[in-house]
Amino acid sequence: MKNKLIIAGILVAIVLGLCIYEMIALDKVAAQANEILTSMRDKKNNKSKQQLSEMSDNLFELWENNMCMMAIFVQHEEIEEIEECLAIMKNAVYQGDSPRFQTEATRAEILIQGLRDSEFPHIENIL
């Protein structure tokens with residue numbers, strides 16, 4: 001009986017640890033992505049196409065590098081929708097399509113914030 005309680009306690013600790021890790025990792029990636037997006041959108045007129053391309057590449061690389069980790073914890077559709085949005089935005093930067101860039105940057109920011117909000121244990125998410 002005592003061994004079963006110890007095993008159950010260990011399993012609960014592992015699950016709680018994974019949940020906390022997921023929240024921290026997702027929050028970190030979302031914060032970094034939103035920081036890059038905000039910087040790109042705010043400085044669109046002051047940045048050269050080369051600088052925007054580099055920032056877009058960095059953002060896409062950040063997302064790609066963390067996608068595998070996020071896919072373990074989050075529904076794939078949400079992650080893939082954000083990845084698609086970032087790819088369209090990256091393409092718009094290369095083509096110099098400012099309206100499309102602004103639209104996709106705003107959309108990406110909203111989707112990333114929505115993903116972050118949906119994964120945190122707020123009362124709205126529990127009920």
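# A chat about a helical chain

Visitor: Let's start with one residue: what phi does glycine 96 take, just after α3?
Guide: Glycine 96, which comes just after α3, takes a positive phi of about 75°. The helix labels follow DSSP runs numbered from the N terminus, where a helix (H or I) needs at least four residues and a strand (E) at least two. This is a predicted model, in which local features need pLDDT of at least 70 and side-chain atom pairs count only at pLDDT 80 or more, while totals for chains, interfaces and linings use all residues. Residues are numbered from 1 along each chain as its sequence is written, and side-chain values use heavy atoms, with hydrogens and water left out.

Visitor: How many helices and strands are there?
Guide: The secondary structure comes to five helices and zero strands, so read from the N terminus on, the elements simply run α-α-α-α-α.

Visitor: And is the chain spread out or compact?
Guide: The chain is more spread out than a compact globule, because its radius of gyration is 18 Å, well over the 14 Å that the globule rule gives for 127 residues. That radius is taken over C-alpha atoms, and the globule rule is 2.2 Å times the number of residues to the power 0.38. Along its principal axes, the C-alpha trace spans about 65 × 30 × 20 Å.

Visitor: How much of the chain is buried?
Guide: Buried residues make up 32% of the 127 residues, where buried means under 20% relative accessible area, exposed means over 50%, and partly exposed is in between (1.4 Å probe, protein chains only).

Visitor: Tell me about α2. What does its path look like around methionine 67?
Guide: There is a kink of about 50° in α2, centred on methionine 67; the bend at a residue is the angle between axes fitted to the seven residues ending there and the seven starting there. The helix has 25 residues and reaches 35 Å from its first C-alpha to its last, which is close to the 36 Å expected at 1.5 Å a residue. The expected span is 1.5 Å times one less than the number of residues.

Visitor: Which residues of α2 are buried, and what covers them?
Guide: The buried residues of α2 include Leu52, Leu59, Trp63 and Met67, and what covers the buried residues of this helix includes α1, α3 and α4. Contact here means heavy atoms within 4.5 Å.

Visitor: What about α3, what covers its buried residues?
Guide: For α3, the cover includes α1, α2 and α4, and among the buried residues of α3 are Ile79, Leu86, Met89 and Val93. This helix has 20 residues and reaches 28 Å from its first C-alpha to its last, close to the 28 Å expected.

Visitor: Which residues touch the most other members in the largest nonpolar core?
Guide: Of the 30 residues in that core, Met40, Trp63 and Met89 touch the most other members. A nonpolar core is a set of buried Ala, Val, Leu, Ile, Met, Phe, Trp, Tyr and Cys residues joined through side-chain atoms within 4.5 Å. The helices α1, α2, α3 and α4 each supply at least two residues of this core, and α2 gives the most, with nine residues.

Visitor: What does methionine 89 touch?
Guide: Leaving out residues up to four places away in sequence, methionine 89 touches Leu37, Met40, Leu59, Phe101, Glu104 and Ala105.

Visitor: Switching to charges, how many salt bridges are there?
Guide: The structure holds five salt bridges, a salt bridge being a side-chain nitrogen of Lys or Arg within 4 Å of a carboxyl oxygen of Asp or Glu. In one of them, the side chains of arginine 116 and aspartate 27 meet at 2.4 Å, N to O. Arginine 116 lies in helix α4 (residues 98–119) and aspartate 27 in helix α1 (residues 2–42), so this pair ties together parts that are 89 residues apart in sequence.

Visitor: Which residues are in a network with Arg116?
Guide: Asp27, Arg116 and Asp117 are linked in a network of salt bridges, and within it aspartate 117 and arginine 116 meet at 3.5 Å, N to O. Arginine 116 is partly exposed at 22% relative accessibility, and aspartate 117 is partly exposed with a relative accessible area of 33%.

Visitor: Where does lysine 90 pair up?
Guide: The side chains of lysine 90 and aspartate 57 meet in a salt bridge at 3.4 Å, N to O. This pair links distant parts of the chain, with aspartate 57 in helix α2 (residues 49–73) and lysine 90 in helix α3 (residues 76–95), 33 residues apart.
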